[in-house]
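User: Please take a close look at a single part of this structure, the surroundings of the ligand, and set them in the context of the domains.

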Amino acid sequence: MLQQLDATSEWDMVIIGGGATGLGAAVDAASRGYKTLLVEQYDFAKGTSSRSTKLVHGGVRYLAQGNIKLVREALRERGRLLNNAPHLTSIQTFIIPVFSWWEKGYYAIGLYLYDLLSGSLSLGKTQVLSKKQLMARLPAINPKGLFGGILYFDGQFDDSRLSIDLAATATVHGATLVNYCRAAGFTKDGKKITGVTLVDTINNRTYQVSARSVINATGVFTDSVMQMEDAAKHDMVSPSQGIHLVVDPFFFPGTDALMIPKTDDGRVLFAVPWHNKIVLGTTDTPIETAAIEPLPLEEEIGFILKHINRYCTSQIKRSDVQSVFVGLRPLVKHKGQKKTALLSRDHTLVVSPGGMVTITGGKWTTYRKMAEDAVDNAVFIAKLPSKECITADLPIGNPRNRNGWMERLINQNPAMADLLHPQYPYIKAEVVYAVTKEMAQTVEDVLARRTRLLFLDAHAAMSTAPMVASLMAAEMGKDAEWEEEQVKVFTQLAHQYLLS
Ligand SMILES: Cc1cc2nc3c(=O)[nH]c(=O)nc-3n(C[C@H](O)[C@H](O)[C@H](O)COP(=O)(O)OP(=O)(O)OC[C@H]3O[C@@H](n4cnc5c(N)ncnc54)[C@H](O)[C@@H]3O)c2cc1C
């Protein structure tokens, strides 16, 4: 990738940010045939895109707000994503417990409509459950005051794995993608942006690239990139923090997810089975400044534990939490609105005086549509030859290639089939694959985003770090000092995923 960066004098499109939106734009632009470069300052999906609740959904809550257009678009994208990446997505049943007959009617009508809006891309028919049926499906539910439930269907996915497969897909179509490479400034001809200054933060090298168009897809960091063009730019994005607690399925047996549409203070709460764990979340806390490793607040932890323990019989304690991960929503500000729960979940696109297309907001589920809109606009503004978007039914990733590659490695060296940790399915070959084919540069890249061990069990991830560092060092030609440093840095980070 760095050689391609060196060898190319001008790019049709430079995309800043390697999360869902930027990676989607790279797939879109490259598959239309544009000469595409994407740079990510850390690792792909290190930001919000590895920290979602892992739902591919239309957004039941937005339906309650009457935003039919947003829900219909998201349901269409939900269907497309499940078709295009079947190896990383699945259908998940959700149950809303109800406590009165009118609640039952209200949610039943809403969720029939939700299903209806998905049209031919429906994932299954909404069902009304009696109290007995509900108790049989969600044995952990607290029966007190329960009237019954509504079961509906939505999608689920592995967010950072999807990011890595989007990166792989973009490269198959000829894009150049570089992680650990920061956009640090722009070159201009008058007002117009004509190039980007890039810093490779691993090799400490600066590149100056020419760009016919630039897309800013930097999530909660949107404003800082806009201010690189114009230091006086006002704030556009308001970060809102959401945390998730990961616990053992012992606390929440069964295959259905629990959805509480409205807690005391009007928030949505989920308990969702994921990779043989339960993800509990989330919160919606406005925060001042965006950090790449945001930390959970005590009140957020307390909120989730209190509410989940109220709805379930098993009393989850802080010490039962195996990992806590935190993400920041890039919510777009509208004048006069302060509360983040009210800010737009729809995506926003703006074009700067220098011609940069900024795209932000939205959600993972709608990343493809956001990417299409961003690329359409960049093409129009830069007067690039117009070409049709082909991503609506473009397959993402190639699981057969990946599995075949690992099988061949294991045939040559059977020890590569060994587990990284006795309780988790990840094997050594995945580490080698991550370094060789998926641009993993650090132990964190492997344990947080190529595998998901850090997000599932931070203690297990820490105990695995030395083995991962040693496998990586052998592949990358690094010395013992590098290994030691990697383990130290990863261990420090993993402590932040634990509740003390
Ligand atoms: C708690 C929570 C739960 C969510 N749950 C869901 C869900 O279940 N389903 C769903 O559909 N959506 C969900 N979302 C929304 C979804 O995760 C986000 O909309 C999406 O991930 C945003 O992607 P992005 O690419 O815009 O931003 P990011 O993923 O943040 O990517 C931006 C990237 O830009 C990089 N960057 C910044 N500055 C520079 C620079 N100067 N140079 C190079 N790179 C730079 C950053 O490092 C970062 O990686 C959730 C969000 C949160 C916070």
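Analyst: The shell around the ligand takes at least three residues from each of two domains, domain 1 (2-48 + 160-236 + 340-393) and domain 2 (63-156 + 245-328). These bounds come from an automatic or database domain assignment. The model is a predicted one, in which local features need pLDDT of at least 70 and side-chain atom pairs count only at pLDDT 80 or more, while totals for chains, interfaces and linings use all residues. Residues are numbered from 1 along each chain as its sequence is written.

There are 40 residues around the ligand, and those that come nearest are Gly17, Gly19, Gly47, Gly219 and Gly242. A residue counts as near a molecule if its C-beta atom, placed from the backbone, lies within 6 Å of it. Two or more residues of the shell are given by each of helix 2 (20-32), strand 9 (181-189) and strand 18 (323-332). Here helices (H or I, at least four residues) and strands (E, at least two) are DSSP runs, numbered from the N terminus. Strand 18 gives the most, with 4 residues.

In terms of residue class, the shell around the ligand holds 13 nonpolar, 20 polar and 7 charged residues. For this count, Ala, Val, Leu, Ile, Met, Phe, Trp, Tyr, Cys and Pro are nonpolar, Asp, Glu, Lys and Arg are charged, and the others, Gly among them, are polar.

The wider setting is the division of the chain into domain 1, domain 2 and domain 3, the last of which spans 399-495. Between domain 1 and domain 2, the C-alpha centres lie 32 Å apart. Their contact takes 19 residues from domain 1 and 17 residues from domain 2, where two residues are in contact if their C-beta atoms, placed from the backbone, lie within 7 Å. On the side of domain 1 that touches domain 2, helix 7 (159-172) and helix 10 (367-382) each supply at least two residues. The largest share of that side, 3 residues, comes from helix 7. By class, the side of domain 1 that touches domain 2 comprises 6 nonpolar, 5 polar and 8 charged residues.

To summarise, the ligand has residues of both domain 1 and domain 2 in its shell, and strand 18 gives the most to that shell.
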